[in-house]
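Hi there,

Here is the structure I promised to pass on. Please have a look at it, and then read on for what turned up.

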Amino acid sequence: RDIAARAHADGLQEARFVCECGAPACLEAVVLGLGEFHKLIERPDALVMAPGHLSKAPALGAGSTVSPS
């Protein structure tokens, strides 16, 4: 949320977030529009994940994921 707040304050329309797939070495960036990010975080089980990373997070459950379009 801090990243989104800073991006909004800087007048940006999108921001980079770190993938939340749960793989210890994953630092892949996921670029999301701020509107898309705010819609995502309305769900407490939502995770931001890079494309193809869902299979790396079986212990995290079936949270919603958002990948860049």
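C21 counts as buried because its relative accessibility is 0%, where buried means under 20% relative accessible area, exposed over 50% and partly exposed in between (1.4 Å probe, protein chains only). C26 is buried as well, with a relative accessible area of 14%. Please keep in mind that this is a predicted model, in which local features need pLDDT of at least 70 and side-chain atom pairs count only at pLDDT 80 or more, while totals for chains, interfaces and linings use all residues. Residues are numbered from 1 along each chain as its sequence is written, and side-chain values use heavy atoms, with hydrogens and water left out.

You may wonder how many disulfides the structure holds. The count is zero, taking a disulfide as a pair of cysteine sulfur atoms within 2.5 Å. For C21, the nearest cysteine sulfur is that of C26, 3.8 Å away, and C21 is in no disulfide. C26 is likewise in no disulfide, its nearest cysteine sulfur being that of C21.

Now for the overall layout. The protein has two helices and four strands, which follow the order α-β-β-α-β-β from the N terminus. Here helices (H or I, at least four residues) and strands (E, at least two) are DSSP runs, numbered from the N terminus. Of the 69 residues in the protein, 32% are buried. About 4,600 Å² of the protein is exposed, and carbon and sulfur atoms supply 55% of that; these areas come from the Shrake-Rupley method with a 1.4 Å probe, and for residues only the protein chains shown count as cover.

Next, the core. In soluble globular proteins, nonpolar side chains tend to be buried together. In this model the largest nonpolar core has 15 residues, and those with the most contacts inside it are F17, C19, C21, V30, L32, V48 and M49. A nonpolar core is a set of buried Ala, Val, Leu, Ile, Met, Phe, Trp, Tyr and Cys residues joined through side-chain atoms within 4.5 Å. The elements giving two or more residues to this core are β1 (14-18), β2 (29-33), α2 (34-40) and β3 (47-48). Of these, α2 gives the most, with three residues.

The first two strands are worth a look on screen. β1 and β2 pair in the antiparallel sense over five bridges, where two strands pair if DSSP finds at least two bridges between them. A15 has L32 in β2 as its bridge partner, and R16 stands opposite V31 in β2. Along β1, A15 and F17 are buried and point to one face, whereas E14, R16 and V18 point to the other and are not buried. In β2, V30 and L32 form a covered face, and A29, V31 and G33 an uncovered one.

There is one aromatic pair in the structure. The rings of F17 and F37 have centres 4.5 Å apart and planes at 10 degrees, so the pair is stacked. The rule is that rings of Phe, Tyr and Trp (its six-membered ring) pair if their centres lie within 6.5 Å; planes under 30 degrees apart count as stacked, over 60 as edge-to-face and the rest as tilted. Because F17 lies in strand β1 and F37 in helix α2, the pair ties together parts that are 20 residues apart in sequence. Both F17 and F37 are buried.

Best wishes
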